[in-house]
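Hello,

Here is the structure I promised to pass on. My notes follow below it.

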Amino acid sequence: MASAGGSPVREAPLVIPPQEVHHATVIFIHGLGQRGDSWIPILQGVIDRLPGVKWVLPQAPEAPVTYNGGQCRPSWFDIANLPPCNCYDEAGITASVAVIEEIITSELRGGLDSNKIIMAGFSQGGALSLMTSLTTLHELGGVASLSGWIPQQSRQAMLQLEPDLPVFWAHGKADTEIPISYGEDSISFLRDSLNIPANKIVFRTYEGLEHTVNNEELEDFAAWLSHVLA
């Protein structure tokens, strides 16, 4: 959907309020072609385990996607190939990072400490979570990537800032859309180039898991969230 001026129309984020006193917020970003609300039943078990956590699920605008022959789909930035190539939609990424930064700012204005804000996302949403959390000037509480990647062209800005935060990375070994090699390369970058300590990085892989999530991964994600928000 586009406005009269041609720019994408952005829906308001979906908000799941905490069931108890609000002490932390998870910003969860969906993948290419998805809707944020489709993740609620998937994440429900995680949400129930963290009653003091507010969940914010932003929605990507409909935009032409080169990978889908120019068809409009919910997309945080354009992508030409899967696995991702060196194509880099700088304008789309910049706009989407700004949207997530606005959500972070809103949480801070509400009185939350930045270290109680966690970024998380699946696939393209994982990439956006990483690009935001590893370049923001706010000291966030952590970032979780489910089947994501760190685009090569975004890494220089991360090197300049030297981010230091807990990372949870989950990846299926049978993933052909974002292969496990992308996860391994990104973990090496976090450890060797950004010098994030090994004890702050949790890297979980899952036998037979394709480009999706399973119960074991969601259990690991919930346990990590409980730990970093304790």
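**Backbone oddities**

S147 is buried, with a relative accessible area of 0%. The model is predicted, so please read every value here as computed from it. S147 sits in the loop that links β7 (142-146) to α4 (155-161). Its backbone deserves a look. S147 is not a glycine, yet its phi is positive, at about 60°. Most residues other than glycine have a negative phi, and most peptide bonds are trans.

E162 also has a positive phi, near 50°, and is likewise not a glycine. E162 belongs to the loop between α4 and β8 (167-172). Its surroundings are another matter: E162 counts as exposed because its relative accessibility is 62%, and the cut-off for exposed is over 50%.

One peptide bond is worth flagging too. The bond from L82 to P83 is cis, with omega near 0°. P83 lies in the loop between β5 (71-74) and α2.

**Overall fold**

The chain has six helices and nine strands. Along the principal axes, its C-alpha atoms fill a box of roughly 45 × 40 × 35 Å. For 230 residues, a compact globule would have a radius of gyration near 17 Å; the chain has 16 Å, which agrees. Of the 230 residues, 49% count as buried. Take the contacts with a separation of 6 or more: 71% of them come from residues 24 or more positions apart.

**Two helices with a buried side**

Start with α6 (residues 215-228). Its 14 residues should span 20 Å at 1.5 Å a residue, and its end C-alpha atoms are 20 Å apart, which agrees. Which residues of α6 are buried? They are E217, L218, F221, A222, W224, L225 and V228. These cover an arc of only 165° around the axis, so they lie on the same side of α6. The face turned away from that buried side carries the exposed residues N215 and H227. The general rule helps here: an α-helix has 3.6 residues a turn, so residues three or four places apart point the same way.

Now α1 (residues 40-49). Here L43, V46 and I47 are buried. They cover an arc of only 105° around the axis, which puts them on the same side of α1. What do the buried residues of α1 pack against? Their partners are β1 (14-16), β2 (24-29), β3 (53-57) and α6.

**A buried glutamate**

E107 lies in helix α2 (residues 90-109). Is E107 buried or exposed? With a relative accessible area of 6%, E107 is buried, because the cut-off is under 20%. The side chains of E107 and K54 are joined by a polar contact of 2.8 Å. Leaving out residues up to four places away in sequence, E107 touches H22, T25, K54, V56, L112 and I117. K54 therefore shows up twice, as a polar partner and in the list of residues touched.

**Cysteines**

How many disulfides does the structure hold? Zero. C85 counts as partly exposed, at 34% relative accessibility. C87 is partly exposed as well, at 48%.

Over to you. If you open one site before the others, I suggest the buried E107 with its K54 contact.

Best wishes

Methods. Residues are numbered from 1 along each chain as its sequence is written. This is a predicted model: local features need pLDDT of at least 70, side-chain atom pairs count only at pLDDT 80 or more; totals for chains, interfaces and linings use all residues. Side-chain values use heavy atoms; hydrogens and water are left out. A disulfide is a pair of cysteine sulfur atoms within 2.5 Å. Buried means under 20% relative accessible area, exposed over 50%, partly exposed in between (1.4 Å probe, protein chains only). Helices (H or I, at least four residues) and strands (E, at least two) are DSSP runs, numbered from the N terminus. A polar contact is a pair of N or O atoms within 3.5 Å; within protein, one must be able to donate a hydrogen and the other to accept it, and residues adjacent in sequence count only if both atoms are side-chain atoms. Contact means heavy atoms within 4.5 Å. The expected span of a helix is 1.5 Å times one less than its number of residues. The arc is that of the directions from the helix axis to the C-beta atoms. The radius of gyration is taken over C-alpha atoms; the globule rule is 2.2 Å times the number of residues to the power 0.38.
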